[in-house]
Amino acid sequence: MKRAAIVVAAVAALVIPSCVLAQSPKVIFIKNATVLTVTHGNIEHGSILIREGKIVDVGANLTAPSDATVIDATGQYVMPGIVDCHSHIAVDGSVNEGGMAVSSIANIKDVLNPEDPDIYRDLAGGVTAANILHGSANPIGGQTVVIKLRWGKPASDLPFEGAVPGIKFALGENPKESSFQPPPGIPQRYPATRLGVEEVIRQAFIEAREYKKSWDVYNTRTAAGEANLIPPRKNDRLEPLVEVMEGKRYVHAHCYRADEILMLIRVANEFGFKVRTFQHVLEGYKIADEIAVSGAGGSTFSDWWAYKVEAYDAIPYNATLMAERGVVVSINSDDAQEARQLNIEAAKAMKYGGMSANDALKLITLNPAIQLGIDSRVGSIDVGKDADLVIYNHDPLSVYAVAQKTLIDGHVYFDRQKDIDGRAALAKEKQDLLDKEKKAAEEKKPDDASGGDAAKKKPDAKKKSAKPTAEGISVGGAL
């Protein structure tokens, strides 16, 4: 085996625990837990019956069917799976297509990477669904996709079936590329100001509106029976924007400042569409009434602030203040590590804003599900919904809470005990591969290193082996 292949295998052995891939019993019965339903209170000593991936019963006096796989959750807590409304995991390569200001033709769905270890790590933090977004380099970025974190499944099985597709917009410093300087001789990409960002978005929708009109006329004439009509030329850049105006695609807009949020609301009103979520929305508390009237949701951080100038007015009361004014609010991660502790990020709204425990749970369950249009399937523990659940050893809003099991569609995709039990075998497999790599490298050493006969015959062998090639790889090297 070549060295590079051995290294890859060693890494895989470290982060891809095959021993905890999803189990698939048809019937699961979780018993004796504190069930946090989110929609209809908490059930002490409650049970949940799952059949074919769906919740079929929830209550305090249930009996396990004879064919059920029983999970004893005595002393533990069960809550709906966490929904992350802003994530960049499971993407092969960069999330930004920054070459032009409007990159609506790019689609995150085309580059989903089911082998990203962050999927498994986020499962260990209780995340079951995530909105995978394009980056914020463009006023109008690429198309987004909602996924379920089905670790071990192919990329085609990750998208959340039936979820409304989205598109990423971005306002502020990132799309105007204030921190990016092009190489000498290359002009700065337009736009370079906030007003330029607004005009890029407006101009794109002017084009999309005219494009839609041309198709509407064609379809009307075709329906009237006219023959030999030539259809308009299809424009893949404008098609997603037409879907936005028709309500078939959600807009998720990266933003910080109150003025730019109001700007996008005005543009949306001008072209007859709604912003589904303002992402980050750190100054949302300043204009919460306007956001609520627009019908947009706010997906924010708990307490990140001052990491750049436009984030200086962020406050940890933002989520609570927006929620009190009628905005549907969620707490998101934007970061793979942050996603592993979203339950604690939600709990901060209790500390800073005095939010109730149940409303805090909504920030990472039902509310993001509403924002993504998947609340009929996930976000609460209700009969008929998908069995996307997390079992914690303590109250999920406690700093002592650690996820024990994470289920998606009734399958156990993360089991902490099985993970722990399998670590010794994984460590051994990794060490075996590293030993194999070391042995292969030693076998590739030049003969003159030991002063053998070959060294006498080829006195310049060592010198030649160290000479770099045009690709920067040593001649005779193992790579």
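In this predicted model, Asp-386 and Arg-377 pair up in a salt bridge, with 2.8 Å between their closest N and O atoms. The two partners sit in unlike surroundings. Asp-386 has a relative accessibility of just 2% and counts as buried, whereas Arg-377 comes out as partly exposed, its relative accessible area being 21%. That value puts Arg-377 in the partly exposed class because buried residues have to fall under 20%. The pair doesn't stand alone, either: salt bridges with shared partners tie Arg-377 and Asp-386 into one network with Lys-54, Lys-148, Arg-150, Glu-161, Asp-388 and Asp-409.

Two members of that network, Arg-150 and Asp-409, have side chains that meet in a salt bridge, at 2.9 Å from N to O. Here the contact ties together distant parts of the chain, with 259 residues separating the partners. Arg-150 belongs to the loop that runs between strand S8 (140–148) and strand S9 (166–170), while Asp-409 lies in the loop between strand S15 (403–408) and strand S16 (411–415). As for exposure, Arg-150 and Asp-409 are both buried.

Another salt bridge joins Glu-310 to Lys-308, and its closest N and O atoms are 3.1 Å apart. Once again the acidic residue is the buried one: Glu-310 shows a relative accessible area of 5%. Lys-308, on the other hand, is partly exposed at 21% relative accessibility; it misses the buried class because that class stops under 20%.

Zooming out, these pairs belong to a wider set, as a search through the whole structure turns up 35 salt bridges.

Key
Residues are numbered from 1 along each chain as its sequence is written. This is a predicted model: local features need pLDDT of at least 70, side-chain atom pairs count only at pLDDT 80 or more; totals for chains, interfaces and linings use all residues. Side-chain values use heavy atoms; hydrogens and water are left out. A salt bridge is a side-chain nitrogen of Lys or Arg within 4 Å of a carboxyl oxygen of Asp or Glu. Helices (H or I, at least four residues) and strands (E, at least two) are DSSP runs, numbered from the N terminus. Buried means under 20% relative accessible area, exposed over 50%, partly exposed in between (1.4 Å probe, protein chains only).
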